[in-house]
Amino acid sequence: MRKGARPVCGIDEAGRGPWAGPVVAAAVVLDPACIPAGLDDSKKLTEARRAALFAPIMASAKVGIGIAEVDRIDRDNILQATLWAMAQALGQIGGAALALIDGNRAPPLPCPVETIVAGDAKSFSIAAASIVAKVTRDRIMVGHDASWPGYGFARHKGYGTAFHRAALQRLGPSPVHRRSFAPIAALLAER
């Protein structure tokens, strides 16, 4: 902003590593006069703290959310699906003068981009985006838990835990499992 770029948008994602569910990206333009206290990398915050910050972010900021479902992940690969979701999220807020993106890879966007490794710990805008993406994805996975009981999605959010592995052995993959991911592909090959 000191360089004259307004609005500045932070973009981050949640869910690149799990075996199931979508990857979710969020784009957030904070109101400089109304930045919620306690913003930080979503991974450093408890689930309760993320949930408490989610509402004020949504109420005071411009927020876009992009969701790349499992079929896109399996078709395009997780990196391309993530970049697509980031572009979708930015498109929902109508663009920005500058996009700050967590990590070292950026999608083609219609504005200047800066990638920042560990950006969710260095930029309030990226931290806010990380919280929005994580809370949104977690809520999706809780919904998947109700639709496909037995896998424990509400508990592990699709990540590769011992419980999840045991459920997969017992039940086989659900429609929300990423068939292109090695553990799921190996299980399908066994069956």
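This is a walk through the structure above, stop by stop, with something to select at each one.

The model is predicted, so local features are described only where pLDDT is at least 70 and side-chain atom pairs only at pLDDT 80 or more, while totals for chains, interfaces and linings use all residues. Numbering starts from 1 along each chain as its sequence is written, and side-chain values use heavy atoms, with hydrogens and water left out.

**Stop 1: the sheet**

Start with a cartoon view and pick out the five strands, which form an open sheet in the order S3-S2-S1-S4-S5 with mixed pairing. Strands here are DSSP E runs of at least two residues, helices are H or I runs of at least four, and both are numbered from the N terminus. Two strands pair if DSSP finds at least two bridges between them. Select 62-68 and 113-116 next: these are S3 and S5, the edge strands, each with a single partner, so one side of each has no neighbour in the sheet. On average, neighbouring strands are turned by 20° against each other, direction ignored. Such angles come from lines fitted to C-alpha atoms, for helices over the stretch in contact, and run from 0 to 180 degrees between N-to-C directions.

**Stop 2: strand S1**

Now select residues 8-14. Is this strand buried or exposed? Seven of its seven residues are buried, so S1 is largely enclosed by the rest of the structure. Buried means under 20% relative accessible area, exposed over 50%, and partly exposed in between (1.4 Å probe, protein chains only). In a regular strand the side chains alternate between the two faces of the sheet. Here both faces are covered: Val8, Gly10, Asp12 and Ala14 are buried on one side, and Cys9, Ile11 and Glu13 on the other.

Add S4 (98-102), which runs parallel to S1 and is joined to it by four bridges; look for Cys9 opposite Ala99. Then add S2 (23-29), antiparallel to S1 and joined by five bridges. Across that pairing, Gly10 partners Val28 and Asp12 partners Ala26.

**Stop 3: helices on the sheet**

Show H3 (78-92), which packs on the sheet and touches S1, S2, S3 and S4, its direction making about 150° with that of S3. Contact means heavy atoms within 4.5 Å. H4 (124-147) lies across S1, S2, S3, S4 and S5, at about 35° to S1.

**Stop 4: the nonpolar cores**

A nonpolar core is a set of buried Ala, Val, Leu, Ile, Met, Phe, Trp, Tyr and Cys residues joined through side-chain atoms within 4.5 Å. Select Cys9, Ile11, Leu90 and Leu109, which touch the most other members of the largest core, a group of 33 residues. H3 gives the largest share, eight residues. A second, separate core of 20 residues includes Val24, Ala26, Ala61 and Ala133.

Centre on Ile11: beyond four places in sequence, its contacts include Met86, Leu90, Ile101 and Ile126. Then move to Pro107, in the loop between S4 and S5. Pro107 is buried at 5% relative accessible area and, beyond four places in sequence, contacts Leu83, Met86, Ala87 and Ile101.

**Stop 5: cysteines**

How many disulfides does the structure hold? Zero, taking a disulfide as a pair of cysteine sulfur atoms within 2.5 Å. For both Cys34 and Cys111, measure with your viewer's distance tool to the sulfur of Cys9, the closest cysteine sulfur in each case. From Cys34 the distance is 17 Å, too far for a bond; from Cys111 it is 7.3 Å, also too far. Cys34 is partly exposed at 38% relative accessibility, whereas Cys111 is buried at 10%.

**Stop 6: salt bridges**

Finish with the charged pairs: the structure holds six salt bridges, each a side-chain nitrogen of Lys or Arg within 4 Å of a carboxyl oxygen of Asp or Glu. Select Asp120 and Lys43, whose closest N and O atoms are 3.1 Å apart. They are 77 residues apart, in the S5-H4 loop and the loop between S2 and H1 (47-60) respectively. Asp120 is buried at 5%, while Lys43 is exposed at 65%.

Last, select Asp138, which pairs with Arg50 at 3.7 Å and with Lys134 at 3.0 Å. Asp138 is in H4 and Arg50 in H1, so their pair ties together parts 88 residues apart in sequence. Lys134 and Asp138 both sit in H4, four residues apart, about one turn of the helix.
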